[in-house]
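Subject: Structure handover

Hello,

Here is the structure I promised to pass on. My notes follow below it.

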Amino acid sequence: MTASGAKAAVEWLVSVAPDPDACRWEWERNPLGVALLPAGRRWDVLILPSELGYPTFDVLTRLVGRPGPVLADFGDARMGFFVPPGTVARWVGTGVRGAGGGTWIVVPYPGRVTGGVRWLIPPDGSGTLTDPALLELAMHEAAAQLAREGTE
């Protein structure tokens with residue numbers, strides 16, 4: 001990620017923070033390199049278990065090349081796909097958690113390696129998010145692929 005790309009990503013992320021300067025300070029001072037940001041303002045996050053998340057990620061990146069931001073947590077147990085705000089309130093699905101209005105997510109500084117959560121696809125600062133319908137299609141394709149592999 002270029003310095004200008006990281007700056008644009010940081011500005012996009014901190015735009016949702018109640019105190020953007022405090023958020024920047026937290027990223028600089030927190031030994032884990034993370035800050036808490038509210039979901040539901042510019043984005044929601046759909047959280048998939050990694051068993052489904054990684055195959056979904058593979059399908060999604062084949063479909064669109066570069067979807068919206070995607071996080072993976074420490075130990076790769078879960079993946080978070082950034083989707084438009086309001087998606088979580090309308091999402092119906094088993095095994096998928098959501099962070100929408102009234103919730104907070106742990107967000108690493110774009111372009112830096114941290115000890116916990118990391119970006120698989122960092123934000124680019126443009127506001128690009130993953131289309132929920134496309135994400136759902138990718139999830140179905142990934143689930144079907146996993147089912148086929150399980151019967152072979």
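The largest pocket has a lining of 16 residues, and Ile47, Asp73, Arg78, Ile105 and Val106 are the ones nearest its centre. Please keep in mind that this is a predicted model. The space in the largest pocket comes to about 260 Å³. Strand E2 (44-49), E3, E4, E5 and E6 each give two or more residues to the lining. By type, the lining splits into 10 nonpolar, 3 polar and 3 charged residues.

The sheet

Which strands make up the open sheet, and in what order? There are 5 of them, running E5-E2-E4-E3-E7, with antiparallel pairing. Strand E5 (97-99) and strand E7 (118-121) sit at the edges. Each has a single partner strand, so one side of each lacks a neighbour in the sheet. On average, neighbouring strands of this sheet are turned by 30° against each other, direction ignored. As a general point, strands of a sheet pair through backbone hydrogen bonds, either parallel or antiparallel.

Strand E4 and its partners

E4 spans residues 78-83. Is E4 largely enclosed or open? It is largely enclosed by the rest of the structure, because 5 of its 6 residues are buried. Buried here is under 20% relative accessible area.

E4 pairs with E2 in the antiparallel sense, over 6 bridges. Asp44 stands opposite Val83 of E4 in that register.

With strand E3 (residues 70-72), E4 shares 3 bridges, and the two run antiparallel. Leu71 stands opposite Gly80 in E4. Ala72 has Met79 of E4 as its bridge partner.

The E3-E4 turn

E3 and E4 form a hairpin, with 5 residues between them. Gly75, in the turn, has a positive phi of about 85°. Asp76 also belongs to the loop between E3 and E4. What is notable about the phi of Asp76? It is near 55°, a positive value in a residue other than glycine. Asp76 is partly exposed, at a relative accessible area of 26%.

The E1-E6 pair

Strand E1 (residues 34-38) pairs with strand E6 (residues 104-108). The sense is antiparallel, over 5 bridges. Pro38 stands opposite Trp104 in E6. E1 is mostly covered, with 4 of its 5 residues buried. E6 also appears in the pocket lining, among the elements that give two or more residues.

The nonpolar core

How many residues does the largest nonpolar core have? It has 22. Leu13, Trp27, Leu37, Trp43 and Phe82 make the most contacts inside it. Helix H1 (3-14), helix H2 (20-29), E1, E2 and E6 each give two or more residues to this core. The largest share, 4 residues, comes from H1. In soluble globular proteins, nonpolar side chains tend to be buried together.

To pull the threads together: E2 and E6 are among the elements that give two or more residues to the pocket lining. Both are also among those that give two or more residues to the core. E4 pairs with E2 over 6 bridges and with E3 over 3.

Best wishes

Terms used: Residues numbered from 1 in each chain as written. Predicted model: local features only at pLDDT ≥ 70, side-chain atom pairs only at ≥ 80, totals over all residues. Heavy atoms only, no water. Pairing = 2+ DSSP bridges. Axes fitted to C-alpha atoms, helices over the stretch in contact; angles between N-to-C directions. Buried < 20%, exposed > 50% of the residue type's maximum accessible area, 1.4 Å probe, protein only. 1 Å grid on protein atoms, 1.4 Å probe; cavity = no way out; pocket = protein on both sides within 12 Å on 5 of 7 lines; lining within 4 Å. Points joined across faces, edges and corners; volume = space filled by probe spheres on them. Nonpolar A, V, L, I, M, F, W, Y, C, P; charged D, E, K, R; others polar. Core = buried A, V, L, I, M, F, W, Y, C linked by side-chain atoms within 4.5 Å.
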